[in-house]
Amino acid sequence: MNKPDVAKHLKDKEYQILLTAYQKHNASMGFEKRQKYDFSNIVKVESHPEQNCLHVHYKDGEWWHYTPQGTWY
């Protein structure tokens, strides 16, 4: 799997969680927010198996929990 640098450390299953939740999250936003939270604006992804989620950090300092169910909070 060809992962971007920000996600190279993720296991394949974690990367799939990132992609699925990101796509759903991005689709829920308006045009301006989609640009702000573009995949290229992700600066860090942390795996948190104890919480069953990923912490996804963006350039603007915001971060979200992305879950295996494709949800975010």
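This is a short walk through a predicted model, from its sheet to its helix and then to its core.

Start with the sheet. Three strands make it up, and it is open. The strand order is β1-β2-β3, with antiparallel pairing. Strands of a sheet pair through backbone hydrogen bonds, in either a parallel or an antiparallel sense. At the edges sit β1 and β3, the latter covering residues 63–66. Each of these edge strands pairs on one side only. On average, neighbouring strands in this sheet are turned by 20 degrees against each other, direction ignored.

Now look across the sheet at the helix. Helix α1 spans residues 12–27 and packs on the sheet. The helix touches β1, β2 and β3. Its direction makes about 115 degrees with that of β3.

Go back to the β1 and β2 pair. Strand β1 runs over residues 42–48, and strand β2 over residues 53–58. The two are antiparallel and share 6 bridges. Two partnerships help to fix the register by eye. Lys 44 has His 57 in β2 as its bridge partner. Ser 47 stands opposite Leu 54, again in β2. Together β1 and β2 form a hairpin, with 4 residues between the strands. In the turn, Asn 52 has a positive phi of about 55 degrees.

Next comes the interior. The largest nonpolar core holds 17 residues. Leu 18, Ile 42, Val 45, Leu 54, Val 56 and Tyr 66 have the most contacts inside this core. At least two core residues come from each of α1, β1 and β2. Helix α1 gives the largest share, 5 residues.

Val 45 shows how these parts meet. Leaving aside residues up to four places away in sequence, Val 45 touches Leu 18, Leu 54 and Val 56, among others. Its contacts also include Val 6, His 9, Leu 10 and His 55.

One helix residue deserves a separate look: His 25, which lies in α1. Is His 25 buried or exposed? The relative accessible area of His 25 is 3%, and buried means under 20%, so His 25 counts as buried. Which residues does His 25 touch, beyond those up to four places away in sequence? They are Trp 64, Tyr 66 and Trp 72. Of these, Tyr 66 is also among the core residues with the most contacts.

Methods:
Residues are numbered from 1 along each chain as its sequence is written. This is a predicted model: local features need pLDDT of at least 70, side-chain atom pairs count only at pLDDT 80 or more; totals for chains, interfaces and linings use all residues. Side-chain values use heavy atoms; hydrogens and water are left out. Two strands pair if DSSP finds at least two bridges between them. Axes are lines fitted to C-alpha atoms, for helices over the stretch in contact, and angles run from 0 to 180 degrees between N-to-C directions. Contact means heavy atoms within 4.5 Å. Buried means under 20% relative accessible area, exposed over 50%, partly exposed in between (1.4 Å probe, protein chains only). A nonpolar core is a set of buried Ala, Val, Leu, Ile, Met, Phe, Trp, Tyr and Cys residues joined through side-chain atoms within 4.5 Å.
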